[in-house]
Amino acid sequence: MPTRYKIRQQIFSIGDDFWIENQEGRRVFKVDGKALRLRETLIFEDMNGDKLAKIQERLLAFKDTMTVEDAQGREMAVIKKGLIAPLGDHWKVTVRGGPDLDVQGNILDLEYSIMQRRNKIAEVSKKWLSLADTYGVEIDDGQNDILILAVAIAIDMMSHDEDGQKRK
């Protein structure tokens, strides 16, 4: 059975922290926005404050690019904005040591799927939740929830400008 998480989209004024809740509404992860950094950086933590991952903007990249590192600082994934596709936005996630992920759908409206080898492994949607500034991430069993949540947050960050406005 898939696991659902809830992320509040008040996000992304860097320096702010936010929580990820499970489907029962309990806080399960904290995302710590690091202020006064040269590049956008978020630290993904468990409820004990232990670092699980770091999401960071890659400087001097040709396209919008962010990396996800594990708790030991090893690169887990690189997320890049793809070309504009006729069926919606497209993002490519290169996963170290595993199959790559494709992200397709309407990113700005937070209605998209995360695919692995043509199989949907996660879905991001606002339609499950009644709060306007919140979106859900539903992840299939057996997936790396931390990585999938980090990918969803990184894509949300890259699709908005510094003022939180949607990029065209």
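This is a chat about a predicted model of one protein chain.

Q: Hi! Before we dig in, what does the protein chain average in pLDDT?
A: Hello! This is a predicted model, and its protein chain averages a pLDDT of 84. Of the residues, 80% score at least 70.

Q: And where is confidence lowest and highest?
A: Confidence is lowest in strand β2 (residues 17-22), with a mean of 89. It is highest in strand β11 (residues 119-125), at 95.

Q: Cool. So what do the strands build?
A: A closed barrel of twelve strands, running from β1 through to β12 in order, with antiparallel pairing. From one strand to the next, the twist averages 20 degrees.

Q: Remind me, how do strands pair in general?
A: Strands of a sheet pair through backbone hydrogen bonds, and they can do so parallel or antiparallel.

Q: Can you show me one pair here? Say, over how many bridges do β8 and β9 pair?
A: Strand β8 (residues 89-95) and strand β9 (residues 101-106) pair over five bridges, in the antiparallel sense.

Q: Which residue stands opposite Asp102?
A: That's Lys92. Asp102 also forms a salt bridge with Lys92, and their closest N and O atoms are 3.4 Å apart. This pair links distant parts of the chain, as Asp102 is in strand β9 and Lys92 is in strand β8, ten residues apart.

Q: Are those two buried, exposed or partly exposed?
A: Asp102 counts as partly exposed because its relative accessibility is 24%. Lys92 is partly exposed too, at 33%.

Q: Let's stay with salt bridges. How many does the structure hold?
A: Eight. One of them joins Arg4 and Glu138, whose closest N and O atoms are 2.8 Å apart. Arg4 is in strand β1 and Glu138 in strand β12, so to speak of distant parts of the chain is fair: they are 134 residues apart.

Q: What's the general idea behind a pairing like that?
A: Side chains of opposite charge can pair when their charged atoms come close.

Q: Okay, and why does Glu138 count as buried?
A: Because its relative accessibility is 18%, and buried means under 20%. Arg4, on the other side of the bridge, is partly exposed at 32%.

Q: What else is Glu138 in contact with?
A: Leaving aside neighbours within four places in sequence, the contacts of Glu138 include Pro2, Thr3, Ile121, Ala122 and Trp128.

Q: What about Ile139, buried or exposed?
A: Ile139 is buried, with a relative accessible area of 0%. Like Glu138, Ile139 lies in strand β12. Among the contacts of Ile139 beyond four places in sequence are Tyr5, Asp145, Ile148 and Leu149. The C-alpha atoms of Ile139 and Leu149 are 8.7 Å apart, with their positions ten residues apart in sequence.

Q: Switching topic: where does helix α1 lie?
A: Helix α1 covers residues 145-158 and lies across strands β1 to β12. It runs at about 145 degrees to β12.

Q: Now the loops. Where is Gln72 found?
A: Gln72 is in the loop between β6 (65-70) and β7 (75-81). Gln72 is exposed, with a relative accessible area of 57%. Its C-alpha atom is separated by 8.6 Å from that of Leu52, a residue 20 places away along the chain.

Q: Which side chain does Gln72 make a polar contact with?
A: The side chain of Arg74, at 3.2 Å. Arg74 also meets Asp70 in a salt bridge of 2.9 Å, N to O. Asp70 counts as buried at 14% relative accessibility, whereas Arg74 is partly exposed at 45%.

Q: What about Arg117, what is its phi?
A: About 50 degrees, a positive value although Arg117 is not a glycine. Arg118 also has a positive phi, near 70 degrees.

Q: And what sign of phi do most residues other than glycine have?
A: Most of them have a negative phi.

Q: Where do those two arginines sit, and are they buried or exposed?
A: Arg117 is in the loop between β10 (111-116) and β11, and Arg118 is in that loop as well. Arg117 is exposed at 65%, and Arg118 counts as exposed at 80%.

Q: Last one: which residues are linked in a network of salt bridges?
A: Lys120, Glu123 and Lys127.

Definitions and conventions: Residues are numbered from 1 along each chain as its sequence is written. Side-chain values use heavy atoms; hydrogens and water are left out. Helices (H or I, at least four residues) and strands (E, at least two) are DSSP runs, numbered from the N terminus. Buried means under 20% relative accessible area, exposed over 50%, partly exposed in between (1.4 Å probe, protein chains only). Contact means heavy atoms within 4.5 Å. pLDDT is the predictor's confidence in each residue, from 0 to 100. A polar contact is a pair of N or O atoms within 3.5 Å; within protein, one must be able to donate a hydrogen and the other to accept it, and residues adjacent in sequence count only if both atoms are side-chain atoms. Two strands pair if DSSP finds at least two bridges between them. Axes are lines fitted to C-alpha atoms, for helices over the stretch in contact, and angles run from 0 to 180 degrees between N-to-C directions. A salt bridge is a side-chain nitrogen of Lys or Arg within 4 Å of a carboxyl oxygen of Asp or Glu.
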